[in-house]
Amino acid sequence: MAIDLRSDTVTKPSAAMRAAMAAAEVGDDVYGDDPTVNSLEERVAAMFGHEAALFSPTGSLANQLAIRTLVKPGEEIIVETRSHIVRAELGAAAAFSGITTRTWPSTDGLLKAEDPLAIAHENAGPYLVSTKAIAVENTHNFGGGTVQPINEIAKLSSAAHARGIAMHLDGARIWNAHVASGVSCAEYGKHFDTISVCLSKGLGAPIGSLMLSTKDRVAEARIWRKRYGAGMRQVGIIAAAAHFALDNNIARLAEDHARAQQIAVALASVDSTLVDPTKVETNIVGLDLSHIGISAADLTSQCKEAGLWISALGPHYARIVTHLDFDDVQCAEAIEILKKILQRALVAK
Ligand SMILES: *Cc1c(COP(=O)(O)O)cnc(C)c1O
């Protein structure tokens with residue numbers, strides 16, 4: 001069996017999760033009749049201190065439903081350059097909602113409140129695009145699983161709100177941020193007008209995300225969800241997996257973080273330019289191959305031959321993501337495979 005570290009989306013529902021799904025009470029959720037969905041929406045909204053939530057098949061849709069309640073056609077949202085919203089949702093904000101996007105660059109995806117505030121342009125008048133929202137990704141995926149500092153979030157949120165600009169949290173991996181930082185979900189929640197969270201990443205559910213906000217925005221998003229064709233029927237069968245994930249799989253994310261740290265330390269000992277272990281805060285290890293004699297594509301294909309799947313996300317950038325279905329034995333094996341290939345590349349250089 002190959003070891004699959006391409007993403008934390010590759011996890012498969014456990015027998016216990018499947019049992020919970022099989023036992024779920026269900027109803028037609030388009031009629032609001034699915035008790036398992038309703039309780040999930042109430043539960044997650046309460047965790048983040050928001051009024052309401054909406055179950056969504058994907059995090060991308062949860063992001064897009066949130067954004068469209070904050071920003072009108074012809075207005076803009078600003079996001080970090082490598083954020084999922086601008087890089088990995090196929091232009092959805094423009095294609096679905098007529099929303100334009102501007103970006104600010106950062107190091108490792110790390111938020112500094114002054115960066116978005118410097119480019120934000122509220123009430124820009126009749127000639128320029130007005131900024132209506134700022135999105136923050138926490139943890140930052142392409143930044144290497146970076147946890148955003150709560151003081152920068154708080155600073156940005158109060159300055160943005162004072163200028164009439166709304167805040168959106170792309171919290172696909174907010175659970176990892178919560179476990180790594182000790183900051184509660186409610187503390188994160190209070191700084192944002194809308195939030196998306198995923199159950200299908202580190203928490204191990206097969207499908208499922210939620211969009212959180214006020215009752216009014218969630219009601220509006222519910223209409224758009226149906227319009228986009230994602231009104232679902234007896235979807236409590238999926239929501240039950242989400243409940244199971246929340247019950248069982250949050251605290252254990254610390255194990256994924258510890259294994260990512262082990263990998264980072266081992267690879268930094270091969271060459272210190274590959275990764276700085278002090279920057280690996282959660283379950284993502286980004287490898288900078290620009291000083292090593294191997295491309296990300298070659299590393300990925302040599303790893304695959306050796307039984308280890310990782311991702312090439314740029315010509316010289318590879319990503320390793322630890323998760324629920326990856327244990328200590330596999331971790332030792334993955335480290336051996338990576339060390340051998342990287343050492344060989346260094347010698348050949
Ligand atoms: C995975 C992810 C999403 C949502 O992805 P879907 O595949 O649409 O569920 C959103 N934001 C970030 C940062 C992600 O990593």
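Which residues line the second largest pocket? In this predicted model, the second largest pocket is lined by M1, A2, I3, D4, V10, K12, W309, H323, D325 and Q330.

## The second largest pocket

The space that lies in this second largest pocket comes to about 260 Å³. Sorted by class, its lining holds 5 nonpolar, 2 polar and 3 charged residues, with M1, A2, I3, V10 and W309 counting as nonpolar, and D4, K12 and D325 as charged.

W309, one of the lining residues of the second largest pocket, also takes part in a contact between a charge and a ring, since the charged end of K304 sits over the ring of W309 at 4.9 Å from its centre.

## The largest pocket

The largest pocket encloses about 420 Å³ of space, and its lining is made up of 25 residues, of which D108, G143, G144, T146 and K279 lie nearest its centre. Strand β9, which spans residues 284–288, supplies the largest share of that lining, namely 5 residues.

By class, the lining of the largest pocket divides into 9 nonpolar, 8 polar and 8 charged residues. Among the residues nearest the centre, D108 and K279 belong to the charged class, while G143, G144 and T146 count as polar.

## Enclosed cavities

How many cavities of 30 Å³ or more are there? The count comes to 2, and the largest cavity has a volume of about 50 Å³. This largest cavity is lined by H84, E137, T139, N141, D170, A172, R173 and K201, a set that divides by class into 1 nonpolar, 3 polar and 4 charged residues. The nonpolar residue in this lining is A172, whereas E137, D170, R173 and K201 are the charged ones.

The second largest cavity has a volume of about 40 Å³, and the residues that line it are E80, W104, G109, L111, A135, V136, E137, H140 and Q148. Strand β5, which covers residues 131–137, gives the most to this lining, with 3 residues. By class, the lining of the second largest cavity has 4 nonpolar, 3 polar and 2 charged residues. E137 appears in the lining of the largest cavity and also in that of the second largest cavity.

## Aromatic pairs

A search of the whole structure finds 3 aromatic pairs. In one of them, F96 and Y228 form a tilted pair, with 4.7 Å from centre to centre and 35 degrees between the planes. The pair links distant parts of the chain, as F96 belongs to helix α5 (residues 92–97), while Y228 lies in the loop between α10 (215–227) and α11 (236–248), 132 residues apart from F96. F96 is partly exposed, with a relative accessible area of 42%, and Y228 is likewise partly exposed, with a value of 26%.

Y228 also pairs with W224, and this second contact is tilted as well, with 5.6 Å between the centres and 50 degrees between the planes. Taken together, ring pairs link F96, W224 and Y228 into a cluster.

## A charge over the ring of F142

What lies over the face of F142? R87 takes that position, at 4.7 Å from the ring centre. For both R87 over F142 and K304 over W309, the distance to the ring centre falls within the 6 Å cut-off that is used for a charge sitting over a ring.

Key:
Residues are numbered from 1 along each chain as its sequence is written. This is a predicted model: local features need pLDDT of at least 70, side-chain atom pairs count only at pLDDT 80 or more; totals for chains, interfaces and linings use all residues. Side-chain values use heavy atoms; hydrogens and water are left out. Rings of Phe, Tyr and Trp (its six-membered ring) pair if their centres lie within 6.5 Å; planes under 30 degrees apart count as stacked, over 60 as edge-to-face and the rest as tilted. Helices (H or I, at least four residues) and strands (E, at least two) are DSSP runs, numbered from the N terminus. Buried means under 20% relative accessible area, exposed over 50%, partly exposed in between (1.4 Å probe, protein chains only). A charge sits over a ring if NZ of Lys or CZ of Arg is within 6 Å of the ring centre and within 35 degrees of the ring normal. On a 1 Å grid over the protein atoms alone, a cavity is a set of points where a 1.4 Å probe fits but cannot get out, and a pocket is an open set with protein on both sides within 12 Å along at least five of seven lines; lining residues have an atom within 4 Å of a point. Grid points are joined across faces, edges and corners, and a volume is the space filled by probe spheres set on the points.
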